[in-house]
Structures are given as structure tokens and as C-alpha cells.
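Biologist: Thanks for joining me! Could you put the model up so that we can go through it together?

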Amino acid sequence: MHVEERMLCTDSAGLPRASTVDLEDAMKKAPAYLLLMVAGALTLPGRCQVSTAEFISFESAKPVLRVMGESLPSELKQAGSQLDAKAWAEWVKKEDAVIRQRLETGEEDTLTNLLRFGVTFTKEYQIDREYLGKYGHSTLVNSFGEHRADDLIRALRSPSAGERMQQMRVLLENKGFSFDTAAERDRLKEYLLANLARMRDEFNAYREKQKSAGIEERSQLYADRGISLDTNLWPDFALDLQFRQMLKTGLLKPGSVRRIAVVGPGLDFANKEYGNDFYPLQTTQPFAVMDSLARLGLADPASLELVTLDISPNVNVHLQRVRKAAAKGKAYTVQLAWNSAVPRGQDYLADFVKYWQTLGDQIGAVTKPVPVPPAVAGETHIRAVAIRPQVVTHITPINMNVVYQRLRVPEPELQFDLIIGTNVFIYYGAFEQSLARANLASMIKPGGFLLTNELLADKVPSQLVDAQRLSRTVSTVPLITDYMFCYKRDPSK
Ligand SMILES: C[S@@+](CC[C@H](N)C(=O)[O-])C[C@H]1O[C@@H](n2cnc3c(N)ncnc32)[C@H](O)[C@@H]1O
């Protein structure tokens, strides 16, 4: 079993002492996708708790390997009965790195969304879905792309580039681009526009696939795609609706949620719907979830512990920084933005607006939002909330790949009442989803829940059983239905 173990001790305020893994430091030394540190740590205030993230053992993976048979990855199929614990451990470690490498293509998508939607570096028209479809076939849309690419390159090389541009610059430099000569900038422009064309083709292909795909196929739609960090408030709203339903039907009892894990909280960099780039980078899902649970009386925000599990160094470092700042008494301000230009059904929108209007008030105080730039002023709605440092310090970011890793949580008090993962499992096929399901099941308390907006492959018997499904029509034209699947850890096993 391959385990890299780190201890994270907590002082009396539950804050990490010097032994905390310093991802920030590690990031300076290695490209993001090469960071394979497996840092697992769980904290409880005032105590020194150790937990580890470890690769899934051959023994634990056996039920998945047995049932998936013919649909196993070819290397495993070829190994057949030769596959043993050692070969499995080597294979898993290699595949873990392959998944993490997919973050790089995801970053290229983020860069392309910044190119399409950014409003801080250009006054050119945004390239929405409709325009994207026309890119390459319309001189007008082509000119939007060209101008945007020129403006983006200018912003990227500017000495006063902010955090977003700096991050993208690192990505590009790691890929061998530079900004020094006109010829190098032309090469970069070509690359940016080639990515735009790639995204257009991918969207067309996904649209076609979606026409005939059932929920299962849709839930694995991005299995071959780069992994992106995009996030916005819509999945948090869907989770809020799910919590309400669980409270109503008695699946969750008041005050019953004490420990939760959020798989893949993401980073709001330039999301694919409308790509806001005018406020600081942020992660919102962990806070939105805490706020909903507190509002419904399901959890006490003063004692609720939340662990984030993510493979992205950008996400993990961001949360680590936020936590460090909170330990010094600094609130974390999040900008709660949504865009009314994106079509939604009337009822759905009305309920969302109600949700959004009070979002954050259980865990923080309303503060002045950043100004909305004129280009999106009529359609972007924004509130800001400064989250209390005490709440922020209850979040522990952990670098973990849920497909191939799990946290060792033998003590019942370290197991989770609830694990949440939205827009994460869609990046994986049935085999990987089945492993993730087994990993997460091992971390959830008997009787606890996993909530996800993707249907998890279910050919392999697991301790997580279907407990509730919610679906809601988000818009009628085009027809979009939102799902939330609730799996319960079998209390008898
Ligand atoms: C598209 S974002 C979703 C963000 C947010 N959950 C939401 O719904 O808006 C996907 C997130 O999942 C993370 N992720 C993808 N695969 C993962 C894995 N195998 N283990 C842990 N995190 C993963 C990514 O790094 C990213 O933060």
C-alpha cells in the first residue's frame, strides 16, 4: 500500500501548527499537475488527530475489478489473474498521475473561457454559446476572437497583471510560450484561437451526444475531457433544495450534521456560463453548503467541520491561504454573482433568487460587492458576504483523488455524516466512478449520505444505496433538467 502520511496537529483553536503540508511552497517547485503529494489530515478542535489519504488497496478494489470484467482498462484486462497487490499498487499510482495531468487541459479550457467572456481586459463582444458555434464560419465572430486574443495577450504580459493573468501566464510559460517578440506573440495567438476552435468542436460533439444520451451517459459525458475547476452558485442552490427535501422526509434530522466533506469545491476563475473575471478568485461551494445546513437547523456553524477533497493544487492552495488568513482573524469575502442572461425557467429562477438573497447570512455579514463592469452591468447580479474567520478555520483542504484514494477514518467520530460532490464524477467512466463510490462509502458513517448531481455507475454492489432523487426543470427552451442523487451508506454493514 502506498501511503504518504502527514500529520496535522491542531492547537486549542483547532488551527494547524507548523507540521501542516505547505502546498504553496511545493507549487513553486513543481508544475501543478506534477504535484502528487498525498496529504491527508483531519482536525478536531483542541486535539491532535491524524488521518491519511491512501491509495485504494487491491483488496478493496477487488469487487469493482470482478464485476467490471470486460469493461476494465486494457492493461488490467491483459494482466488478468496475474494482477496482484503489487501490480495493482503500481498501476493505481500511475493512473492517479494521469488523472492529475488532465487538470492541465482543464486549465486550457479555463483560459479559453477567459478569452471568450473576460471583461477586464477587453471591450470586445463576448463569445457566448451561439457565437462560439459560429467561430470559424463568420468573419464577424472571427474578428471578436482575434481582438479578444490580442487584448488578452496584452493583459497577460502586463507587469501589473493580477492573480488570474499571473496564473495563466505560468500555464503558458510551462507550455513553452513567451511574450517577448512579435513572432512569439503570434504563435501564442494562434494557440489561443486553436483552443477556441477546439472548444467549439467539443461543444458540438457534446450537444450531439446529449441528444440521445440517458442520465447514465450524461453523468459520464466528460470522461475524456480535461478536468476544469469551474464553479458557480447553481449546484449550491440544487443542494439547498436537496437538504430541504431530506429534512422534510426525515432523511436528515435537525442538528445531525457535524462533519462533511466536499469533493471538488472548484475555483471560480472564469466559469463557462458567463466567465466573470472582475472579482478575486474564490471558492464558494463549501461556504454555501455550510450556510444552507445552518439555515435549515441541520448543523451548527460554530462546530461544523468541513473537509475539502481536491486534486487541484490551485484549489488546495487557495483554501490553505484563506484558512491561514482566517487564523489571523481575517474574514473571507465572497462575491455571489449570477447572470440573468442565461435562460432559466421562471419558477426555478424565482426560487433561486430567494435563495441567493439570503445566501451567506448564517455564516457571515453582508458587505459591499465589487462594482460590476459596464459590459455586464444589466445582467450580472451580485451580493458580497464576509465570512466569519471562525467558520473559515473549520475548513481543512486535503489533496486527494477520490477515484484512487480514500481517507483512512477508522474512528467513527472522524467519519462523515455527509459527502458532497457536484460536477466531479462527470469526468469519469463507470470503472472510475465505481472505485470512487467504494472509496467514499468507506469514509461515510453508517446511515450517512453522499449527494451528487451525477448518477453514479451502479453495476458494482456497494455500501451506498439509492435513497432519494430530485429532478427539476431548470429551463424549458432549451429543455434542461437538474438532478440530485442521494446515496445512503447502508447502516447495517
Ligand atoms: C467542474 S469543478 C466543480 C466545482 C463545484 N463542485 C461545482 O459544482 O460548481 C470540478 C472539481 O472537481 C475536482 N476534481 C475532479 N476530479 C477529482 C478527483 N478525482 N478527486 C478530487 N477532486 C476532483 C476538480 O479539481 C475541480 O475542483
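Biologist: Is helix 11 mostly covered or mostly open, and how many of its residues are buried?

Modeller: This is a predicted model, in which local features need pLDDT of at least 70, side-chain atom pairs count only at pLDDT 80 or more, and totals for chains, interfaces and linings use all residues. Residues are numbered from 1 along each chain as its sequence is written. Helices are DSSP runs of H or I with at least four residues, numbered from the N terminus, and buried means 20 or more other C-beta atoms, placed from the backbone, within 10 Å of the residue's own. Helix 11 is mostly covered, and the buried count is nine of its eleven residues.

Biologist: Lovely! How are helix 10 and helix 11 oriented to each other?

Modeller: The axes, lines fitted to C-alpha atoms over the stretch in contact with angles running from 0 to 180 degrees between N-to-C directions, come within 10 Å and cross at roughly 25 degrees for helix 10 (residues 234-248) and helix 11 (residues 285-295). Angles under 35 degrees count as roughly parallel, so helix 10 and helix 11 are roughly parallel.

Biologist: And which residues of helix 11 make that contact?

Modeller: Contact asks for C-beta atoms, placed from the backbone, within 7 Å. Helix 10 brings Asp-236, Leu-239, Asp-240 and Phe-243. Their partners on helix 11 are Gln-285, Ala-288, Val-289, Ser-292 and Leu-293.

Biologist: Last one: which residue just after helix 11 takes a positive phi?

Modeller: Happy to point you there! The phi is about 75 degrees, and the residue is Gly-297.

Terms used. Helices (H or I, at least four residues) and strands (E, at least two) are DSSP runs, numbered from the N terminus. Angles under 35 degrees count as roughly parallel, over 145 as roughly antiparallel, 65 to 115 as roughly perpendicular and the rest as oblique. Two residues are in contact if their C-beta atoms, placed from the backbone, lie within 7 Å. A residue is buried if 20 or more other C-beta atoms lie within 10 Å of its own, exposed if 12 or fewer, and partly exposed in between; C-beta atoms are placed from the backbone.
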